[in-house]
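Here is a short tour of how the helices and strands of one model pack together. Have the structure open as you read, and follow along at your own pace.

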Amino acid sequence: MTTLNTTLTAIPEFLVGHWTDPVGQTGCTVLLCPPAGAVASGSFLGPSPGTREGILLAPEKKVERVHGLLLTGGSAFGLAAASGVVRVLEERGIGHETPWARVPIVPAAVIYDLGVGNPQARPGEREGETAARAASSDPVLRGRVGAGTGATAGKYLGVGAVPGGLGSVSLERHGVRVGALAVVNPIGDVLDEQGSVLAGPGVGPGALAFTPGEVESTTLVAVVTEHTLTKADCRRLADSAQTALARVIHPSHTFWDGDSAFVLSSGVLPPADPLLLGALVQEAVCAAVRDAVRSAASGV
C-alpha cells in the first residue's frame with residue numbers, strides 16, 4: 001500500500017535527506033532542487049542569524065537559482081556541512097555555469113543546539129555529504145531528526161524547554177500547491193490552531209526568570225512551489241513566511257532569535273494568484289511548525 005506523501009517532497013523534483021546524531025543531539029537536513037536549480041530568495045529576522053550565501057539571495061544580486069539548501073545544527077560550525085552538499089552536486093554536474101566550472105549554489109542556515117547534547121558533536125562536510133546522498137522524494141522523516149534533532153522550544157524560563165524538532169507539510173488549494181519544512185528552535189511557545197500553547201511553559205515572557213543567551217534560538221523555514229516566481233516574488237513570500245512564524249510562535253522574532261525563511265520555485269507551472277499563494281505559504285509554515293513539535297513529542 002502506497003503512503004500518501006503530505007510533506008514537502010510531494011512537490012515534484014525537490015528531494016530531502018537527513019544526517020542525524022541521536023547521541024550528540026544534532027544533525028543536518030539537505031533540500032536538493034531540480035537539476036536546473038530553483039529561483040530562490042530569503043528573509044532573515046532577529047539579530048543573530050547564522051547563514052551561508054544569505055546575501056546572494058537578495059533580489060538585486062545576480063545569481064537567481066540555487067541548487068540545494070542546507071539547514072543544520074551545530075551553530076556556525078555546522079555551516080561547514082554545505083561543502084559536502086556542494087561536492088555531491090559537483091559530482092552530478094549540477095551548478096551555476098561559469099567559463100571553467102559549474103559552481104553549485106547551496107545557501108545554508110543554522111540553529112544553536114550546542115547546549116542540548118555534546119557541544120563537540122557538529123555536522124561537518126562529511127555529514128552534509130551523507131545527507132545529500134540520502135536525499136529522496138520519499139515522505140520527509142520528521143520529529144527529532146536531521147537539523148531538528150537538538151531543537152527545543154519555550155526556552156524563556158531557562159528550564160523546562162520542550163522538543164522543537166523538524167516538521168514538514170504540503171498543502172493544495174484551488175490547484176495551487178506548496179511544500180514547507182520547518183526546524184523549530186524558538187525562545188517562545190508554539191501555539192496550536194486555536195491559539196493555545198502546544199509546546200512551551202505557556203506563561204509568557206512576563207515570567208522571565210533569566211536572560212537567554214544571544215545565540216540559543218532560531219527557527220528555520222523552507223517553502224517550495226512549482227509555480228513560476230521571480231526572485232523578488234520569492235523574497236516577498238519569504239517575508240510572508242516570517243509573518244506566519246509570528247502567528248504560530250509567541251513571542252516570536254525576539255532579541256535572541258535569528259529566524260531564516262527561504263522560498264524556492266522550480267518554475268514549471270504558470271504563476272499562481274499572488275494572494276492565494278501568499279495565504280497558502282503562511283498556512284503551510286504554521287502547519288509545518290506545529291507538525292515539528294507534534295512529531296517530536298510523539299516520536300514520529
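## Helix 1 and helix 2

At what angle do helix 1 and helix 2 pack, and how far apart are their axes? In this predicted model, the angle is about 50° and the axes are 6 Å apart. That makes helix 1 oblique to helix 2, and the crossing of helix 1 past helix 2 is right-handed.

If you would like to display the contact, select A81, S83, G84, V85, R87, V88 and E91 on helix 1, together with E125, G128, E129, A132 and R133 on helix 2. Sorted by class, the residues of this contact are four nonpolar, three polar and five charged.

## What covers helix 2

Helix 2 spans residues 125-134, and its buried residues are E127, G128, E129, A131 and A132. Their cover includes helix 1 (81-91) as well as strand 1 (15-21) and strand 2 (26-32). Among these buried residues, G128, E129 and A132 also take part in the contact with helix 1.

## The six-stranded sheet

Now to the sheet, which is open and has six strands in the order 5-3-18-16-13-12, with mixed pairing. Strand 5 (65-66) and strand 12 (166-173) are at the edges; each has a single partner strand, so one side of each has no neighbour in the sheet.

The partner of strand 12 is strand 13 (residues 176-183); the two run antiparallel and are joined by eight bridges. To find one bridge, look at L171, whose partner in strand 13 is V178.

## Helices on the sheet

Helix 4 packs on the sheet, where it touches strand 12, strand 13 and strand 16, and its direction makes about 150° with that of strand 12. Helix 3 lies across strand 3 (38-44), strand 16 (220-227) and strand 18 (260-269), and runs at about 40° to strand 3. Strand 16 thus appears in both lists.

## Helix 3 and helix 4

These two helices also meet each other: the axes of helix 3 (residues 231-248) and helix 4 (residues 274-298) come within 8 Å and cross at roughly 45°. That makes helix 3 oblique to helix 4, and helix 3 passes helix 4 in a right-handed crossing.

On the helix 3 side, the contact is made by L237, S240, A241, T243, A244, L245, R247 and V248. On the helix 4 side, L277, G278, V281, Q282, V285, C286, V289 and R290 take part. By class, this contact has ten nonpolar, four polar and two charged residues.

Methods: Residues numbered from 1 in each chain as written. Predicted model: local features only at pLDDT ≥ 70, side-chain atom pairs only at ≥ 80, totals over all residues. Heavy atoms only, no water. Axes fitted to C-alpha atoms, helices over the stretch in contact; angles between N-to-C directions. Helix = DSSP H or I, 4+ residues; strand = E, 2+ residues; numbered from the N terminus. Parallel < 35°, antiparallel > 145°, perpendicular 65-115°, else oblique. Left-handed = near helix turned anticlockwise from the far one by under 90°. Contact = heavy atoms within 4.5 Å. Nonpolar A, V, L, I, M, F, W, Y, C, P; charged D, E, K, R; others polar. Buried < 20%, exposed > 50% of the residue type's maximum accessible area, 1.4 Å probe, protein only. Pairing = 2+ DSSP bridges.
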